[in-house]
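Subject: Structure handover

Hello,

Here is the structure I promised to pass on. Please open it next to this email and follow along.

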Amino acid sequence: MAVREILCYPDPILKMVCKPVAELDQACDTLVQDLLDTMIESGHSVGVAAPQIGVSRRVVVVDVSNSKLGRENNHGQLVMINPEILEQSGQKIMREGCMSVPDYTGNVTRAEDILVQFLDRQGDLQVIRATGFEAVAIQHEMDHLDGLLFLDRVSSLKTDLFRRKKR
């Protein structure tokens with residue numbers, strides 16, 4: 001379909017709470033394909049959320065299978081519509097980056113193990129347990145659906161936020 005432009009902070013749509021998807025229609029399928037195309041085209045992204053491409057709907061895509069951190073423990077390419085975390089446990093601090101905050105990375109504490117339910121692209125209810133880097137990536141993308149960026153999760157902007165080296 002289309003590779004879409006990634007909106008960057010402080011674009012106001014990134015701070016909005018997204019509306020649930022009421023119907024899995026052609027518009028939703030097009031949104032899913034645009035998210036997948038945008039994630040894949042970036043070459044380095046492990047997930048994209050709908051508000052990052054300007055759509056305030058509760059849809060994310062995640063795929064950590066090509067990342068060295070998630071290669072050995074993942075569910076492959078996930079399309080998550082109206083995702084909800086049912087359970088979470090443990091804590092893990094990881095350095096996170098975001099295509100919507102391209103100049104910085106930061107240390108963020110997240111649950112190490114999550115049980116999440118969502119509708120897949122076909123509208124089937126899925127419930128999966130994710131751990132490690134995949135769990136972190138899912139939580140990061142789901143934060144976008146509630147208007148949160150990793151900057152909102154960094155404990156200290158003074159000690160846990162880092163300027164990214166130029167690529």
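Start with strands E4 and E5 (residues 101-110), which run antiparallel and are joined by seven bridges. A word on names: helices (H or I, at least four residues) and strands (E, at least two) are DSSP runs, numbered from the N terminus. Two strands count as paired if DSSP finds at least two bridges between them. One facing pair here is lysine 92 and arginine 110, the latter in E5.

Two notes before we go on. This is a predicted model, so local features need pLDDT of at least 70 and side-chain atom pairs count only at pLDDT 80 or more, while totals for chains, interfaces and linings use all residues. Residues are numbered from 1 along each chain as its sequence is written, and side-chain values use heavy atoms, with hydrogens and water left out.

The three-stranded sheet

E4 and E5 belong to an open, antiparallel sheet of three strands, in the order E4-E5-E8. Its edges are E4 (92-98) and E8 (161-163), each paired on one side only. Neighbouring strands are turned by 20 degrees against each other on average, direction ignored. Angles here run from 0 to 180 degrees between N-to-C directions, and axes are lines fitted to C-alpha atoms, for helices over the stretch in contact. Helix H2 packs on this sheet and touches E4 and E5. Contact means heavy atoms within 4.5 Å. The direction of H2 makes about 55 degrees with that of E4.

The five-stranded sheet

The other sheet is open too, with five strands in the order E1-E2-E3-E6-E7 and antiparallel pairing. E1 (47-49) and E7 (125-131) stand at the edges with a single partner strand each, so one side of each has no neighbour in the sheet. The twist averages 35 degrees from one strand to the next.

Now zoom in on E2. Three bridges join E1 to E2, in the antiparallel sense. Glycine 47 has valine 62 of E2 as its bridge partner. On to the next pair: E2 (residues 59-62) and E3 (residues 78-89) are antiparallel over four bridges. Valine 62 is partnered there by leucine 78 of E3. Valine 60 stands opposite methionine 80, also in E3.

Which valines of E2 are buried on one side and on the other? Val59 and Val61 are buried on one side, Val60 and Val62 on the other, and both faces are covered. Buried means under 20% relative accessible area, exposed over 50%, and partly exposed in between (1.4 Å probe, protein chains only). In a regular strand the side chains alternate between the two faces of the sheet.

Two helices pack here. H1 (residues 26-42) touches E1, E2 and E3, and its direction makes about 35 degrees with that of E2. H2 (residues 132-145) lies across E1, E2, E3, E6 (113-119) and E7, at about 110 degrees to E3.

Single residues to look at

Asparagine 82 lies in strand E3. Its phi is positive, about 55 degrees, although asparagine 82 is not a glycine. At a relative accessible area of 19%, asparagine 82 is buried.

Glutamine 122 sits in the loop between E6 and E7. Is glutamine 122 buried or exposed? Glutamine 122 is exposed, because its relative accessible area is 61%. Its C-alpha atom is 9.1 Å from that of aspartate 29, although the two are 93 residues apart along the chain.

Proline 10 lies in the segment before H1. A cis peptide bond joins tyrosine 9 to proline 10, with omega about 20 degrees.

Cysteines and rings

How many disulfides are there? The count is zero, where a disulfide is a pair of cysteine sulfur atoms within 2.5 Å. For cysteine 8, the nearest cysteine sulfur is that of cysteine 98, 8.3 Å away. Cysteine 8 is partly exposed, at 34% relative accessibility. Why is cysteine 28 not bonded to cysteine 18? The closest cysteine sulfur to that of cysteine 28 is in cysteine 18, 13 Å away, and that is too far for a bond. Cysteine 28 is buried, with a relative accessible area of 7%.

One ring has a charge over its face. Arginine 95 lies over phenylalanine 162, 3.7 Å from the ring centre. The rule asks for NZ of Lys or CZ of Arg within 6 Å of the ring centre and within 35 degrees of the ring normal.

Best wishes
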